[in-house]
Amino acid sequence: MGSGAGNFAGKVDSVFLFLLITSVFFLVVITGAMIYFVIRYHRKRNPEPKDIPGNAFLEMLWTVIPTILVLAMFYFGWINYKYIREVPEDAMEIDVTAQMWSWTYEYDNGAKTDTLFVPLNRNIKLNLHSRDVLH
């Protein structure tokens, strides 16, 4: 993946792509199955309703497959979330204070500015504080 807003943008994109492909795949499969069953069991072709006995294997299958999918999505997201939350030890810390209509940035050397300056190719950690705003 290309360069993004951070060193973890590619990992976030891969989780999103996994979720998107999985969702589109099941959208197509389920919609196709619905259309098939609507045509196959249309009232004109089957005027007399029949009782269809249950199938324990199918019932277990459509419980187990979604459970495995949800667990896989959670695991993939969790691993990448943990990666994003780990701050490198050499990260430069910047205290950011939000106040109505402005931001204040305080650097390790004590300098304060209203503009964020970030050194090239250096990890940073933003410590966010709020003076009078909730967002």
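How many positive and how many negative side chains does the protein chain have, and how far apart do the centres of the two sets lie? There are 12 positive and 13 negative side chains, and the two centres are 15 Å apart. Colour the charged side chains in the viewer to follow this. Keep in mind throughout that the model is predicted.

**The whole chain**

Start with the full protein chain in cartoon view. It holds 2 helices and 4 strands, and their order along the sequence is α-α-β-β-β-β. Now show the C-alpha trace. Along its principal axes the trace spans about 80 × 30 × 25 Å. The radius of gyration is 26 Å, whereas a compact globule of 135 residues would have one near 14 Å.

Switch on the surface next. The accessible surface of the protein chain is about 11,700 Å², and carbon and sulfur atoms account for 65% of that area. Of the 135 residues, 11% are buried. For contacts between residues at least 6 apart in sequence, 59% join residues at least 24 apart.

**Stop 1: Thr-22 in the first helix**

Select Thr-22, which lies in helix H1; that helix covers residues 9–40. Is Thr-22 buried or exposed? Its relative accessibility is 11%, so Thr-22 counts as buried, the cut-off for buried being under 20%. Display Leu-69 and Met-73 as well: Thr-22 touches both of them, leaving out residues up to four places away in sequence. Helix H2 runs over residues 56–85.

**Stop 2: Asn-55, between the helices**

Move on to Asn-55, in the loop between helix H1 and helix H2. What does the side chain of Asn-55 reach? The side chain of Asn-55 comes to 3.1 Å from the backbone nitrogen of Phe-57. Asn-55 has a relative accessible area of 37% and is therefore partly exposed, since that class lies between the 20% and 50% limits.

**Stop 3: Gln-99 in strand E1**

Go next to Gln-99, in strand E1, which covers residues 92–99. At 18% relative accessibility, Gln-99 counts as buried. With which side chain does the side chain of Gln-99 make a polar contact? The partner is the side chain of Thr-104, at 3.2 Å. Thr-104 falls in strand E2, residues 102–106. Show Arg-131, Asp-132 and Val-133 too: together with Thr-104, they are in contact with Gln-99 when its neighbours within four places in sequence are set aside.

**Stop 4: Trp-101, between E1 and E2**

Select Trp-101 in the loop between E1 and strand E2. The phi angle of Trp-101 is near 75°, a positive value in a residue other than glycine. Trp-101 has a relative accessibility of 81%, so it counts as exposed; the limit for exposed is over 50%.

**Stop 5: Asn-121, between E3 and E4**

Finish at Asn-121. Where is Asn-121 found? Asn-121 sits in the loop between strand E3 (112–113) and strand E4 (124–130). Although Asn-121 is not a glycine, its phi is positive, at about 60°. With 79% relative accessibility, Asn-121 counts as exposed.

**Views worth saving**

For the helices, keep Thr-22 with Leu-69 and Met-73, the residues it touches. For the strands, keep Gln-99 with Thr-104, whose side chains make the polar contact. For the loops, keep Trp-101 and Asn-121, each with a positive phi.

Note on methods. Residues are numbered from 1 along each chain as its sequence is written. This is a predicted model: local features need pLDDT of at least 70, side-chain atom pairs count only at pLDDT 80 or more; totals for chains, interfaces and linings use all residues. Side-chain values use heavy atoms; hydrogens and water are left out. The radius of gyration is taken over C-alpha atoms; the globule rule is 2.2 Å times the number of residues to the power 0.38. Buried means under 20% relative accessible area, exposed over 50%, partly exposed in between (1.4 Å probe, protein chains only). Contact means heavy atoms within 4.5 Å. Accessible areas come from the Shrake-Rupley method with a 1.4 Å probe; for residues, only the protein chains shown count as cover. Lys and Arg count as positive and Asp and Glu as negative; His and the chain ends are not counted. The place of a charge is taken as NZ of Lys, CZ of Arg, CG of Asp or CD of Glu. A polar contact is a pair of N or O atoms within 3.5 Å; within protein, one must be able to donate a hydrogen and the other to accept it, and residues adjacent in sequence count only if both atoms are side-chain atoms.
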